[in-house]
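Here are my notes on this one, set out as numbered points so that you can follow them with the viewer open. They go from the overall picture to single residues.

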Amino acid sequence: MKRKKIGITDKKTVEHICNIATDLYNLEQGSLSCRSRVQEFQLPRMAVSNIARIFKGIHYEPIAEVLKRDRSSIYHYEGQHK
């Protein structure tokens, strides 16, 4: 299976969105990529994922890589917010 190339600008964009979300939610920088499933982290993760997918058109893989999740989690986040 051939993997899609991940552009550095896509990753930087997702990281930038993560930084904005952590500021808005008063979380520690980098906390969205922790393994916790606590709602305090889960909701901002969903927001970051959906903004990156829907408004920025970024592929699932760079989002998953920055958030340290697998691609199916990003599919799930997108499915939760039609």
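1. A definition to start with: helices here are DSSP runs of H or I with at least four residues, numbered from the N terminus. With that numbering in hand, note that just after α3, Lys68 takes a positive phi of about 55 degrees. Please keep in mind throughout that this is a predicted model.

2. On the overall fold, the chain holds 4 helices and 0 strands, and its pattern along the sequence reads α-α-α-α. The radius of gyration is 12 Å, close to the 12 Å that the globule rule gives for 82 residues, so the chain is as compact as a globular protein of that length. Along the principal axes, the C-alpha atoms occupy a box of roughly 35 × 25 × 25 Å.

3. Next, burial and surface. Of the 82 residues, 38% count as buried. The exposed area of the chain comes to about 5600 Å², with carbon and sulfur atoms supplying 53% of it. If you look at contacts between residues at least 6 apart in sequence, 53% of them join residues at least 24 apart.

4. A brief word on charge: the chain carries 15 positive and 9 negative charges, and the mean positions of the two sets lie 6 Å apart.

5. Which helices do the buried residues of α3 pack against? They pack against α1 (8–24), α2 (39–55) and α4 (71–80). Helix α3 itself spans residues 60–67 and is mostly covered, with 7 of its 8 residues buried. Those buried residues are Tyr60, Glu61, Pro62, Ile63, Ala64, Val66 and Leu67.

6. Leu67 is worth selecting in the viewer. It sits in helix α3 and is buried, with a relative accessible area of 0%. Not counting residues up to four places away in sequence, Leu67 touches Cys18, Leu32, Ser33, Arg45, Val48, Ser49 and Ile74. The C-alpha atoms of Leu67 and Leu27 are 14 Å apart, with their positions 40 residues apart along the chain.

7. Moving on from α3, Lys68 is placed in the loop between α3 and α4. Its phi, near 55 degrees, is a positive value in a residue other than glycine. For context, most residues other than glycine have a negative phi. Asn26 also has a phi near 55 degrees, again a positive value in a residue other than glycine. Asn26 belongs to the loop between α1 and α2, and at 70% relative accessibility it counts as exposed, since the cut-off for exposed is over 50%.

8. Is Arg71 buried, partly exposed or exposed? At 33% relative accessibility, Arg71 counts as partly exposed; the class covers values between the buried cut-off of under 20% and the exposed cut-off of over 50%. Arg71 lies in helix α4, and its side chain makes a polar contact of 2.9 Å with the side chain of Tyr75. Setting aside neighbours within four places in sequence, Arg71 is in contact with Tyr60, Glu61 and Ala64. The C-alpha atoms of Arg71 and Tyr60 are separated by 5.9 Å, although the two residues are 11 apart along the chain.

9. Thr22 is a polar residue to check by eye. It lies in helix α1 and is buried, with a relative accessible area of 1%. What joins the side chains of Thr22 and Gln29? A polar contact of 2.5 Å does. Beyond its neighbours within four places in sequence, Thr22 is in contact with Leu27, Glu28, Gln29, Ser31 and Leu32.

10. Last comes Ser31, one of the contacts of Thr22. Ser31 is found in the loop between α1 and α2 and counts as buried at 11% relative accessibility, because buried means under 20%. The side chain of Ser31 reaches the backbone oxygen of Glu28 at 2.7 Å. Leaving out neighbours within four places in sequence, Ser31 is in contact with Thr22, Phe41 and Arg45. Arg45 also appears among the residues that Leu67 touches.

Technical notes. Residues are numbered from 1 along each chain as its sequence is written. This is a predicted model: local features need pLDDT of at least 70, side-chain atom pairs count only at pLDDT 80 or more; totals for chains, interfaces and linings use all residues. Side-chain values use heavy atoms; hydrogens and water are left out. Helices (H or I, at least four residues) and strands (E, at least two) are DSSP runs, numbered from the N terminus. The radius of gyration is taken over C-alpha atoms; the globule rule is 2.2 Å times the number of residues to the power 0.38. Buried means under 20% relative accessible area, exposed over 50%, partly exposed in between (1.4 Å probe, protein chains only). Contact means heavy atoms within 4.5 Å. Accessible areas come from the Shrake-Rupley method with a 1.4 Å probe; for residues, only the protein chains shown count as cover. Lys and Arg count as positive and Asp and Glu as negative; His and the chain ends are not counted. The place of a charge is taken as NZ of Lys, CZ of Arg, CG of Asp or CD of Glu. A polar contact is a pair of N or O atoms within 3.5 Å; within protein, one must be able to donate a hydrogen and the other to accept it, and residues adjacent in sequence count only if both atoms are side-chain atoms.
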